[in-house]
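Please work through the exercises below with the sequence and the coordinates open beside you. Each exercise opens with a task and is followed by a solution that proceeds in steps.

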Amino acid sequence: KIVCSDIKGFERRGVETPDAEASIRGSKEGFTETIRVNTSMLRRRIKTPDLVMENLVLGEQTKTNVTIAYIDKIVNKEVLSRLKEKLNSIDTDSILESGYIEQFIEDNPYNLIATVGMTQKPDKLAGMILEGRIAIFCDGSPHVLYVPTLFIENIQVQEDYYNRVIISSFVRFIRLMALIISIILPGFFIALVTYN
């Protein structure tokens, strides 16, 4: 009798805090380059059986594993079907990183406002999925994409999820006012100085 078993293995980086999204409060974990480790970190946070993870293979030469994750009862079915259509229509030799996928699925590449979000934090991604977003994991990349993304997320930080609602809302309002003032005030000043 013979027992066959797959025992291949390889060196991989451990789970560590990403430098770009470091937070004072909350989880210090970050995604790695291994897709199964990344999906297991998400599954550990969202334990509902409604969390769906669908696997596909992209790239004619690289045969890169890609997983899309969403909560079946929350996700917008129209956005999900459009995303699956775009992913299935990708015809390229190689997918080496999630940035390759981002270029294929974004609605308008010349748009100044991003339509595809990206994170390295499992807790942030879990929050996005619980809001109805769709995550796209790519093997070999610690960056996980999510769609759709909103403009307001550019002035949102991870700690907003961990603080009380009133404090988080107030701080977000201050950030929004600072953005509006920084855009409008220089033009208003130049108009006043030029006119007078």
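## Exercise 1: the chain as a whole

Of the 196 residues in the protein, buried residues make up 37%, and the model from which this value is computed is a predicted one.

Task: state how many helices and strands there are in the protein, and give the order in which the elements run from the N terminus on.

Solution. The protein has five helices and five strands. Read from the N terminus on, these elements follow the order α-β-β-α-α-β-α-β-β-α. Taken along the principal axes, the box that the C-alpha atoms fill is roughly 95 × 40 × 35 Å. As to contacts, among those between residues at least 6 apart in sequence, 59% join residues at least 24 apart.

## Exercise 2: the packing of H1 and H4

Task: describe how helix H1 and helix H4 pack, giving the angle, the distance between their axes and the hand of the crossing.

Solution. As a starting point, two packed helices are described by the angle between their axes and the distance between the axes. For helix H1 (residues 35-45) and helix H4 (residues 122-130), the angle is about 60° and the axes are 9 Å apart. Roughly perpendicular begins at 65 degrees and roughly parallel ends under 35 degrees, and H1 and H4 are therefore oblique to each other. Their crossing is right-handed. At the level of residues, H1 contributes Met 41, Leu 42 and Arg 45, which meet Pro 122, Asp 123, Leu 125, Ala 126 and Ile 129 of H4.

## Exercise 3: the buried residues of H1, with Asn 38

Task: list the buried residues of H1, name elements that cover them, and then find what the side chain of Asn 38 reaches.

Solution. In H1, the residues Ile 35, Val 37, Asn 38, Thr 39, Met 41 and Leu 42 are buried, and what covers them includes E1, E2, H4 and E4. Asn 38, which lies in this helix, has a relative accessibility of 1% and therefore counts as buried, the limit being under 20%. A polar atom of its side chain lies 2.8 Å from the backbone oxygen of Thr 32. When neighbours within four places in sequence are left aside, Asn 38 is in contact with Phe 31, Thr 32, Phe 137 and Ser 141.

## Exercise 4: one face of H3

Task: decide where on helix H3 its buried residues fall, and say which elements they pack against.

Solution. Helix H3 spans residues 98-105, and its buried residues are Ser 98, Gly 99, Ile 101 and Ile 105. Seen down the axis of H3, these buried residues fall within an arc of 155°, so they line one face of the helix. A general point is useful here: an α-helix has 3.6 residues a turn, so residues three or four places apart point the same way. The partners against which the buried residues of H3 pack are strand E1 (51-58), strand E2 (64-71), helix H2 (77-88), strand E4 (134-138) and strand E5 (144-147). At the N-terminal end, H3 is capped by Glu 97, a side-chain oxygen of which lies 2.7 Å from the backbone nitrogen of Gly 99.

## Exercise 5: Thr 119

Task: determine whether Thr 119 is buried or exposed, and which backbone nitrogen its side chain reaches.

Solution. Thr 119 belongs to strand E3 (residues 117-119). Its relative accessibility is 1%, so Thr 119 counts as buried. The side chain of Thr 119 reaches the backbone nitrogen of Lys 121 at 3.1 Å.

## Exercise 6: Ile 155 and helix H5

Task: place Ile 155 in the chain, and identify its contacts beyond four places in sequence.

Solution. Ile 155 sits in the loop between E5 and helix H5 (165-195). With a relative accessibility of 16%, Ile 155 counts as buried. Leaving aside neighbours within four places in sequence, Ile 155 has contacts with Arg 172, Arg 175, Leu 176 and Leu 179. For Arg 175, the separation from Ile 155 is 20 residues in sequence and 6.4 Å in space, C-alpha to C-alpha. Ile 174, which is found in helix H5, is 19 residues from Ile 155 in sequence and 9.9 Å in space, again C-alpha to C-alpha. At 42% relative accessibility, Ile 174 counts as partly exposed.

Technical notes: Residues are numbered from 1 along each chain as its sequence is written. This is a predicted model: local features need pLDDT of at least 70, side-chain atom pairs count only at pLDDT 80 or more; totals for chains, interfaces and linings use all residues. Side-chain values use heavy atoms; hydrogens and water are left out. Buried means under 20% relative accessible area, exposed over 50%, partly exposed in between (1.4 Å probe, protein chains only). Helices (H or I, at least four residues) and strands (E, at least two) are DSSP runs, numbered from the N terminus. The arc is that of the directions from the helix axis to the C-beta atoms. Contact means heavy atoms within 4.5 Å. A polar contact is a pair of N or O atoms within 3.5 Å; within protein, one must be able to donate a hydrogen and the other to accept it, and residues adjacent in sequence count only if both atoms are side-chain atoms. Axes are lines fitted to C-alpha atoms, for helices over the stretch in contact, and angles run from 0 to 180 degrees between N-to-C directions. Angles under 35 degrees count as roughly parallel, over 145 as roughly antiparallel, 65 to 115 as roughly perpendicular and the rest as oblique. A crossing is left-handed if the near helix is turned anticlockwise from the far one by less than a right angle, and right-handed if clockwise.
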